[in-house]
Amino acid sequence: MNNWFRLLIPCGALLVAGCAAVPASGPDVVSAHARISTAAGPTEAVRYTPTARSPRGVLVFVHGFLRGPARHASLAQRLAREGYVVVLPDLPSPLTYGARERDVALVDAWVASAVSSSPDATPLFIGGFSRGSGIALEVAARLDASLAQRLAGVMLIDPVAPRRAVQPLLVPVALIAAPTAGCNARGMSFEPIRTTLRPEVDVTVAGANHCEAESPSDLFCAVLCGPPDAGRQAEFEDAMVAFILAQTRPR
């Protein structure tokens, strides 16, 4: 049976409220919906911007299969408080012909938009959760020269990505994962990522399930993959933030 067909069985139940409201802005962070037009059609995102300083970096982070930006609000708010601009694209349904190519094009457009609106030489990070990791890898591998020069790291969170998406990269990579289970396709992406990309950070959160890489997660994911534990969610988020901070720390 085709790997991606098998993935639709566990992932198909992740029918999520990706349209949840943007979390309220705080004194140090502004969050707002953003919209741009692309050759692949209009696309929306939630953008988190620090208010108190110039950006230390920009992260474009891609949600998982049938998920949405709200599932990574905690990470975005935390990084924005640390001084990073975080863009969470809101991808349309993947259950259409050509969805993968469309989503790569949409995320590519958000990367270009995020970089163009940030100061010159601001470090760029690209990341994704589950299916979003594969999108992130394809976008990172095809950046044009000017964007590739600014790429400072790629972050893969409990990835579920086709082998063809795993191409060599010349930047630090983080693999932050749960133990292998049905919801992360039995870790089918982990071995090619480790072999080809040799992650600088390779963390397995002991006892975690797929949805604990999200914060907040939701009831649908809890029913399918197990209830989230706040401590393990914090471990995922701490590892993600530490990776980003490490790449922009003065050397």
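Searching the whole structure turns up two disulfides. Keep in mind that this is a predicted model. I will take the disulfides one at a time, and then move to some strands.

The first pair is Cys183 and Cys225, joined with a sulfur-to-sulfur distance of 2.1 Å. Where do these cysteines sit in the chain? They link distant parts of it, 42 residues apart. Cys183 lies in the loop between strand E7, residues 173-177, and helix H6, residues 190-197. Cys225 belongs to helix H7, which covers residues 219-225.

Why is this disulfide called left-handed? The torsion about the S-S bond of Cys183 and Cys225 is about -95°, so the link gets that label.

Now, are these two cysteines buried or exposed? The cut-off for buried is under 20% relative accessible area. Cys183 has 13% relative accessibility, so it counts as buried. Cys225 has 15%, so it counts as buried as well.

Next, the other disulfide. Cys211 and Cys221 form this one, and their sulfur atoms are 1.6 Å apart. This pair also links distant parts of the chain, with the two positions ten residues apart in numbering. Cys211 is in the loop between strand E8, residues 201-204, and H7, while Cys221 is in helix H7. So that you can place it on the structure: helix H7 holds Cys221, and helix H7 holds Cys225 from the earlier pair. The link of Cys211 and Cys221 is left-handed, with -65° about the S-S bond. Both Cys211 and Cys221 are buried.

How do the disulfides connect if you count the bonded cysteines along the chain? The pattern is 1-4, 2-3.

That leaves the strands, and I will start from E6. Strand E6 spans residues 151-157. How many of its residues are buried? Seven of the seven are, so the strand is largely enclosed by the rest of the structure.

What does E6 pair with? One partner is strand E5, residues 124-129, which runs parallel to E6 and is joined to it by six bridges. If you want a position to look at, Gly128 stands opposite Leu156 in E6. E6 also pairs with E7, again in the parallel sense, over four bridges. There, Val154 has Val173 in E7 as its bridge partner.

One general point for reading the picture: in a regular strand, side chains alternate between the two faces of the sheet.

Note on methods. Residues numbered from 1 in each chain as written. Predicted model: local features only at pLDDT ≥ 70, side-chain atom pairs only at ≥ 80, totals over all residues. Heavy atoms only, no water. Disulfide = S-S within 2.5 Å. Buried < 20%, exposed > 50% of the residue type's maximum accessible area, 1.4 Å probe, protein only. Pairing = 2+ DSSP bridges.
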